[in-house]
Amino acid sequence: METRIALIGIMVENPNSVERLNQLLHEYGSYIIGRMGIPYRQKQVHVISIVIDASQNVINALTGKIGRMEGITAKAVYSSIKTTDGGEK
């Protein structure tokens, strides 16, 4: 199956949604290459970057589920590189 590498940028403005977000990321853990989180305490926002290697459908599903959470915004940026040996499990 063809996979793509993508960066999902996440802005968390509602700390009450963090536990559910972490559960969701754990569910998709087999696709995630790396994760970086930066708390911006002065503005009470957390910025999270997720690098993922998965099919377009998996990336869209994860980004959509994150974006529907209260107080969380998510956008995906895709690499032009397509592979057939990526993170599909």
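Two residues are in contact when heavy atoms of theirs lie within 4.5 Å. Keep that in mind for Val 47. Leaving out residues up to four places away in sequence, Val 47 touches Ile 10, Met 11, Met 36, Gly 37 and Ile 38. One caution before we go on: this is a predicted model.

Let's stay with Val 47. This residue sits in strand E3. Is Val 47 buried, exposed or partly exposed? Its relative accessibility is 29%, so Val 47 counts as partly exposed. Now look at Leu 7. Val 47 and Leu 7 are 40 residues apart along the chain, and their C-alpha atoms are separated by 13 Å.

Next, Ile 5. You'll find Ile 5 in strand E1. Ile 5 is partly exposed, because its relative accessibility is 29% and the partly exposed class runs between 20% and 50%. Which residues does Ile 5 touch, not counting those up to four places away in sequence? They are Val 51, Ile 52, Asp 53, Val 77, Tyr 78, Ser 79 and Ile 81. Check one distance too. Ile 5 and Ala 54 are 49 residues apart in sequence, yet 6.7 Å apart in space, C-alpha to C-alpha.

Now the core. The largest nonpolar core has 20 residues. Which of them touch the most other members? Ile 8, Ile 10, Leu 21, Ile 52, Leu 62, Ile 66 and Ile 72 do. Several elements contribute: strand E1 (3-12), helix H1 (18-27), strand E3 (45-54), H2 and strand E4 (72-83) each supply at least two residues of this core.

Take Leu 21 from that list. Skip residues up to four places away in sequence. Leu 21 then touches Ile 10, Val 12, Ile 48, Ile 66, Met 69 and Ile 72.

On to the helices. Two packed helices are described by the angle between their axes and the distance between the axes. Here the axes of H1 and H2 come within 11 Å, and they cross at roughly 170°. Why do we call H1 and H2 roughly antiparallel? Because angles over 145 degrees count as roughly antiparallel, H1 and H2 fit that description. Who makes the contact? From H1 come Leu 21, Leu 24 and Leu 25, and from H2 come Leu 62, Lys 65 and Ile 66. By class, that is five nonpolar residues, no polar ones and one charged.

Val 18 also lies in helix H1. Val 18 has 28% relative accessibility, so this residue is partly exposed. Compare its position with Gly 64. The two are 46 residues apart along the chain, with 16 Å between their C-alpha atoms.

Now over to H2, residues 56-67, and Thr 63 within it. Is Thr 63 buried or exposed? Thr 63 is buried, because its relative accessible area is 13% and buried means under 20%. The Thr 63 side chain reaches the backbone oxygen of Ile 59 at 2.9 Å. Set aside neighbours within four places in sequence. Thr 63 is then in contact with Ile 8, Ala 74, Lys 75 and Ala 76.

Last stop: a loop. Gln 44 is in the loop between strand E2 (32-40) and E3. Most residues other than glycine have a negative phi. Gln 44 has a positive phi, near 55°. Its relative accessible area is 66%, so Gln 44 is exposed.

That's the tour. Questions are welcome.

Note on methods:
Residues are numbered from 1 along each chain as its sequence is written. This is a predicted model: local features need pLDDT of at least 70, side-chain atom pairs count only at pLDDT 80 or more; totals for chains, interfaces and linings use all residues. Side-chain values use heavy atoms; hydrogens and water are left out. Helices (H or I, at least four residues) and strands (E, at least two) are DSSP runs, numbered from the N terminus. Buried means under 20% relative accessible area, exposed over 50%, partly exposed in between (1.4 Å probe, protein chains only). A polar contact is a pair of N or O atoms within 3.5 Å; within protein, one must be able to donate a hydrogen and the other to accept it, and residues adjacent in sequence count only if both atoms are side-chain atoms. A nonpolar core is a set of buried Ala, Val, Leu, Ile, Met, Phe, Trp, Tyr and Cys residues joined through side-chain atoms within 4.5 Å. Axes are lines fitted to C-alpha atoms, for helices over the stretch in contact, and angles run from 0 to 180 degrees between N-to-C directions. Angles under 35 degrees count as roughly parallel, over 145 as roughly antiparallel, 65 to 115 as roughly perpendicular and the rest as oblique. Ala, Val, Leu, Ile, Met, Phe, Trp, Tyr, Cys and Pro count as nonpolar, Asp, Glu, Lys and Arg as charged, and the others, Gly among them, as polar.
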